Amino acid sequence: MTEDGVFEPVQVHFDDLDAMGLLHNSRYALLVERAVGAYWQRLGWAADPARSAFKDVFLAVREFKVTYHVPIAGAGEPVVHFWIERMGRTSNMYGFRVLSPDRAVVHADGYRVNVNLDPATLRPTPLSDELRAAAEPLLRRTAAAC
């Protein structure tokens, strides 16, 4: 696995756990959302167009796939490693891994596809040049070379 992308620590809280004390399966997607959101918020993205550094503020998840490998037991601070696998005209595909704090264990991996929507029509609209430029560090080198 390439080391492209970003490693973002996230929090697993007690209320994220199921009755067996394991991270509930639905919370893995939430951890990825929190990690990706934290990254973009540091760059100035906001859901409010008046406050956002980007005009692309209406991004919808089209597809989300998670494969589980080793459960996360108990509260703690795993790390989400994510990158952009592909960037299209109106959408992008993030790859991700949910890792142990020392990055030695892969708890889950998968991908998430976002589509940029026009807020008025709810139809796909092209990603802005500003967002593309900001996403450049996330592009997987093998994908960027294509």
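Does Glu-8 count as buried or exposed, and what is its relative accessibility? In this predicted model, Glu-8 counts as buried, because its relative accessibility is 9% and the limit for a buried residue is under 20%. Its partner tells another story. Glu-8 forms a salt bridge with Arg-42, with 2.7 Å between the closest N and O atoms. The two residues come from distant parts of the chain, Glu-8 from strand β1 and Arg-42 from helix α1, with their positions 34 residues apart in sequence. Arg-42 counts as exposed, since its relative accessibility reaches 54% and the exposed class begins over 50%.

A salt bridge also joins Arg-112 to Glu-33, again described by its N to O distance, 2.7 Å. Arg-112 sits in strand β5 (residues 106-116) and Glu-33 in helix α1, so this pair ties together parts that lie 79 residues apart in sequence. Arg-112 is buried, with a relative accessible area of 5%, whereas Glu-33 is partly exposed at 32%. For Arg-51 and Asp-48, the side chains meet in a salt bridge with an N to O distance of 3.8 Å. Here Arg-51 is exposed, at 61% relative accessible area, and Asp-48 counts as partly exposed, at 33%. The count of salt bridges in the model comes to 5.

Arg-112 turns up once more at the largest pocket. This pocket holds about 290 Å³ of space, and its lining is made up of 16 residues. Nearest the pocket centre lie Val-36, Trp-45, Leu-59, Arg-112 and Asn-114. Two or more lining residues are given by each of α1, β2 (59-68), β4 (91-99) and β5. Helix α1 supplies the largest share of the lining, with 5 residues. Sorted by class, the lining comprises 10 nonpolar, 4 polar and 2 charged residues. Arg-112 thus belongs both to the set nearest the pocket centre and to the salt bridge with Glu-33.

A last stop is Ala-19, in the loop that runs between β1 (6-9) and α1 (25-42). Ala-19 is exposed, because its relative accessible area is 87% and the exposed class covers values over 50%. Measuring from C-alpha to C-alpha, Ala-19 and Val-113 lie 31 Å apart in space, and 94 residues separate them in sequence.

Terms used
Residues are numbered from 1 along each chain as its sequence is written. This is a predicted model: local features need pLDDT of at least 70, side-chain atom pairs count only at pLDDT 80 or more; totals for chains, interfaces and linings use all residues. Side-chain values use heavy atoms; hydrogens and water are left out. Helices (H or I, at least four residues) and strands (E, at least two) are DSSP runs, numbered from the N terminus. Buried means under 20% relative accessible area, exposed over 50%, partly exposed in between (1.4 Å probe, protein chains only). A salt bridge is a side-chain nitrogen of Lys or Arg within 4 Å of a carboxyl oxygen of Asp or Glu. On a 1 Å grid over the protein atoms alone, a cavity is a set of points where a 1.4 Å probe fits but cannot get out, and a pocket is an open set with protein on both sides within 12 Å along at least five of seven lines; lining residues have an atom within 4 Å of a point. Grid points are joined across faces, edges and corners, and a volume is the space filled by probe spheres set on the points. Ala, Val, Leu, Ile, Met, Phe, Trp, Tyr, Cys and Pro count as nonpolar, Asp, Glu, Lys and Arg as charged, and the others, Gly among them, as polar.
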